[in-house]
Amino acid sequence: MKLTSVGVLALAGTALSHAHHDHDESIPQHVREALLQKWNQEWTFSGIASFAHLKPVKCLIEPDERYDIAIIGAPFDTAVSYRPGARFGPRAIRAASARQMAGTAYNTRAGINPYSSWATIKDCGDIPITPFDNGLAERQMYEAFLELGTRAPITTTPAATSSAQGGSKGISAGRAKLVTLGGDHSVALPALRALYRIYQKPITVLHFDAHLDTWNPVRYSAYWQSEQSAFNHGSFFHRASREGLICNATSAHAGLRTRLTGVDDADYTAPGPEQGFMRIHADDIDELGGPMGVVDAIIRRIGLDPEQPVYLSVDIDVLDPATAPGTGTPEPGGWTTREFIRILRGLEKLNIVGADIVEVSPSYDNNAETTALAAAQIAYEIITSIVKAGAAENLGGWYGRKEVPESVYKDEL
């Protein structure tokens, strides 16, 4: 069936109005239906700037609000070591997602529209994080992630046991999932603390970044030390590893190209719990044969165990500053947006239980806002993979192609 432009817009409007119960019940149903038909439409450039035009809700003050996937902003940047400004990242990413409307968001590579499938996805607003006290901010984020991550999802039936609907499988069955818009990268530490408490086991971390973020805090100053100075956007994985939050046997860094401290590679070789990460450097994409070589290396490391939770953490500076200049600690020599999106698309079978996209600092972006646009697309790809993993039917691989024996592909060629 061919949809007119008005029909597509109406679909988007329907997604926005879904589950809205605040209207006056005294209005006759036929009047309400007429109003909806006439005005329940929206263009990509109109409306409130929620992520992908999803229904915006302040979930932290609505304890009965439920979802399968929540988009949550973490506007925090007072733990950076170079350029601040990522507190405005959630707002910029939401604005850049304007063309992701429910009626026009079918993902051809995945064979699914994540916003019109089994999952109820809501934009849960921002955590009201203080910029004055990093210790308090750390606690606020942890409590918010724990509160939102422990709510019962709307869809509780695993796809494996229902042909009519989808749902999370394996260890994440019956649990809601959060996609965080940062904010500087330190927001990953309270997120991992919350996930550890929810899943009661160390979390596998897949970390895309130009930097290690496993620095011992003394890297910044061996003399001026405090408990809060250890909470920064370069040492949070160090702390998480020492707290036992990370499964080092399966975790990986990818996209690295940072400079190290000192006169040798001690940052790579010094003993410590955080050294368990596998490292894939930005240059390795050439030796590995392109994006799919990176994908294969990651999957070999992490595995596809449905009982092992995976947290996907994306620092936007994994991209080259030529295409994503709007970040706090840019490093030349990164991956292109196309290469990175291709890598993400190849990882759709990972058991992702949570994710973040961080370090978008719009004050350093260009006029076309390419950094925020890339971040919004990254969020879309991650959400697509999470929804596809819970689909009740086999949607096939690339562009809807079903998984069939390799010999069949050869015959087709």
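Helix H3, residues 89-96, is largely enclosed by the rest of the structure, because 6 of its 8 residues are buried. Buried here means under 20% relative accessible area, exposed means over 50%, and partly exposed sits in between, using a 1.4 Å probe and protein chains only. Helices (H or I, at least four residues) and strands (E, at least two) are DSSP runs, numbered from the N terminus.

Keep in mind that this is a predicted model, where local features need pLDDT of at least 70 and side-chain atom pairs count only at pLDDT 80 or more, while totals for chains, interfaces and linings use all residues. Residues are numbered from 1 along each chain as its sequence is written, and side-chain values use heavy atoms, leaving out hydrogens and water.

So who is tucked away in H3? The buried residues are Gly-89, Pro-90, Ala-92, Ile-93, Arg-94 and Ala-96. Their cover includes strands E1 (69-74), E2 (121-126), E3 (177-182) and E8 (352-358), plus helix H11 (370-389).

H11 turns up again in the largest nonpolar core, giving the most to it with 11 residues. A nonpolar core is a set of buried Ala, Val, Leu, Ile, Met, Phe, Trp, Tyr and Cys residues joined through side-chain atoms within 4.5 Å. This core has 60 residues, and Phe-51, Tyr-115, Phe-208 and Trp-335 have the most contacts inside it. A second, separate core has 41 residues, including Ile-129, Leu-178, Tyr-199 and Leu-245.

A contact means heavy atoms within 4.5 Å. Not counting residues up to four places away in sequence, Phe-208 touches several residues, among them Ala-254, Ile-298, Trp-335 and Phe-340.

Now for some backbone oddities. Most residues other than glycine have a negative phi, and most peptide bonds are trans. Two residues here have a positive phi without being glycine:

| Residue | Phi | Loop | Relative accessible area |
|---|---|---|---|
| Ala-52 | near 55° | between H2 (29-39) and E1 | 2%, buried |
| Gln-200 | near 60° | between H5 and E4 (204-208) | 61%, exposed |

Where does a cis peptide bond show up? The bond from Gly-182 to Gly-183 is cis, with omega near 15°, and Gly-183 lies in the loop between E3 and helix H5 (188-199).

Zooming out, the protein has 12 helices and 8 strands. Buried residues make up 53% of its 413 residues. Among contacts with a separation of 6 or more, 79% join residues 24 or more positions apart.
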